[in-house]
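Student: Could you take me through one part of this model up close? I'd like to see what lies around it too.

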Amino acid sequence: MLLSNPIVAEMAMEAEDAIANNLKQFLLVLSVSLSVATLPQVFSWFRQIPYTLLLVIVGLCLAFVDVRLVDLSPELILAIFLPPLLFEAAWNLKWSDLKKDLFPICLYAVFGVVITIGGVAFGLNKFAGISLTTALLIGASLSATDPVSVIALFRELGAGKRLKTLMEGESLFNDGMAVVAFSFLVGLPLGVSTFEPSQVLGQLLAVIGIGIGVGSLIGFGISYLTQRFDLPLVEQSLTLVSAYGTYLLTEDLGGSGVIGVVTTGLVLGNFGSRIGMNPRTRLIVTEFWDFLAFFVNSIVFLLIGDQIRFAILGNNLRTIVVTILGMLVTRAISIYVLGLFSNVTAKSEIPIKDQTVLWWGGLRGSVSIALALSVPAVLGEREEIIATVFGVVLFTLLVQGLTTKFLLQGLGLISDQTQQQDYLAATARRAALSRVLDYLEKGDARPGIEPEFYRYQTALVEGQLAKLESELDDMQKKYPELKEFTAEQLKEELLAIEADTYAEFVRAGRLNKELAPFLAEVFIPD
């Protein structure tokens, strides 16, 4: 005991020091990230650069002067950063929009990954002299578009709703395919895997099936649980627990944690938030996840830039260039060929303009880095794989990411979004002024305020309302497509009112039967 006490005390002190150092590192990363967030407010020029890409650039500057904030690890990316970002994206993704383009999304998410792996591996083996096993691992690491990078960029740029759905849907679903392919390929040189198509297909179906099963079970379970009480903070906490819990449980069961989290987010965002949360709670939860996504994104993109080793990139420049060319070519083949197939067979009607943005906007990010870093150290080509993946990720984020806005503008794909936002702002102001007018007309006269003052304020508000009505009429005449947009907005509001009414009846104990038939049209509207 006498000997063990000093040892225990020393171990406790070391643990405390490690916690203190980790906390200091975390606060340093957070301070730098939030400082970057203020740059566009101080210097207007920085507003031309999306916030996430600005973080990457600042991280690169820190790497250039050899300031390393935190070392990224596969566990840190996949288990800590990825679940909340996936959940937030799925929570905000409407099933009705996803269902319309589910066929092309599945084509891109499955066959697009296979095409990228094969094409990149062929190019590296043929033109860069890289061994086939190493080339396949590089291709698998870069085969999936990164949901973190893509979703953050498209939201900042204000891309159209369908374009965002196509890109977000592909990015959320193709990670399961990429992880399975990578796990299989990394086992080949180690003698763990054997190339049997039936084995690969079985593993893929098992991984996807377990992910969907666990995600659905947790999502629907929490949905029905929250029907029984109205505690916003508890319901908010349950969504956070479900994001991390689904990922960890699915991974432990041998499934895809990514697909599990996405499934849970889709169920809770489209079903659970309708039947188990009142409008106020839904707003609180949505704002919480918006904050958490901003918080985590701020850290992830800064650390991606900060991990770059410029000397290693220079030594592998030829391999990086060949990989970039192979990735762009295979991405073009998968998008245009699969898009044509979807248009012909499923009448998807994806325009060439949208396909062009899908091709150029297929960014790679934290998922690719996590896969590359997880290559076992026993493989001699590990450093080359990591350097190549980092170089390609840097190209997609800076070159493709910084030029995607100009591509969208050149193709005329973000003007509609601006018009819609202006129209929504005008209608919101009209609703607010209408309430003010109702209050003035129904309100009792207060002591000390002359009736003339009420008449003056009423006339002032009526004048502003008339001006707004004229502006809205002009916008509808100039942009006829706004009428369809307004109809869609009204349809969503009506569905939300219907779902809220069912949920109130359940909480009041006036509706105890199976709720799914009532909400079929809410969860999966025509």
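What is the volume of the largest cavity? And once that's settled, please carry on to helix 3 and its packing partners.

Tutor: Sure, and keep in mind that this is a predicted model. The largest cavity has a volume of about 40 Å³, and the structure holds one cavity of 30 Å³ or more. Its lining is made up of Tyr 108, Gly 112, Val 113, Thr 116, Ser 143, Glu 170, Asn 174, Arg 331 and Ser 334. Sorted by class, that lining has two nonpolar, five polar and two charged residues. Helix 5 (102-127), helix 8 (161-187) and helix 14 (317-345) are the elements that each give two or more residues to it. Helix 5 supplies the largest share, with four residues.

Now to helix 3. Start with helix 10: helix 3 (residues 74-91) packs against helix 10 (residues 232-252) at an angle of about 120°, and the two axes are 9 Å apart. That angle makes helix 3 oblique to helix 10, and the crossing is right-handed. From helix 3, the contact uses Leu 78, Ala 79, Ile 80, Pro 83, Pro 84, Phe 87 and Trp 91, while helix 10 brings Thr 239, Ser 242, Ala 243, Tyr 244 and Tyr 247. You can count ten nonpolar residues and two polar ones in this contact, with no charged residue among them.

Next comes helix 11 (residues 257-275), whose axis comes within 7 Å of that of helix 3, with a crossing of roughly 40°. This crossing is right-handed. On the helix 3 side you'll find Leu 82, Pro 83, Leu 86, Phe 87, Ala 90 and Trp 91, and they meet a set of helix 11 residues that includes Val 258, Val 261, Val 262, Leu 266 and Leu 268. Also on the helix 11 side are Thr 264, Gly 265, Gly 269, Asn 270 and Ser 273. Here the classes come out as eleven nonpolar, five polar and no charged residues.

Last up is helix 12 (residues 279-306). Its axis and that of helix 3 come within 9 Å and cross at roughly 135°, so these two helices are oblique to each other. Helix 3 passes helix 12 in a left-handed crossing. Phe 81, Pro 84, Leu 85, Phe 87, Glu 88 and Trp 91 are what helix 3 puts in. Helix 12 answers with a list that includes Arg 282, Val 285, Trp 289, Asp 290, Leu 292, Val 296, Ile 299 and Leu 303. This contact divides into 13 nonpolar, two polar and three charged residues.

If you want a residue to click on, try Phe 87 or Trp 91: both take part in the contacts with helix 10, helix 11 and helix 12.

How values were computed: Residues numbered from 1 in each chain as written. Predicted model: local features only at pLDDT ≥ 70, side-chain atom pairs only at ≥ 80, totals over all residues. Heavy atoms only, no water. Axes fitted to C-alpha atoms, helices over the stretch in contact; angles between N-to-C directions. Parallel < 35°, antiparallel > 145°, perpendicular 65-115°, else oblique. Left-handed = near helix turned anticlockwise from the far one by under 90°. Contact = heavy atoms within 4.5 Å. Nonpolar A, V, L, I, M, F, W, Y, C, P; charged D, E, K, R; others polar. 1 Å grid on protein atoms, 1.4 Å probe; cavity = no way out; pocket = protein on both sides within 12 Å on 5 of 7 lines; lining within 4 Å. Points joined across faces, edges and corners; volume = space filled by probe spheres on them.
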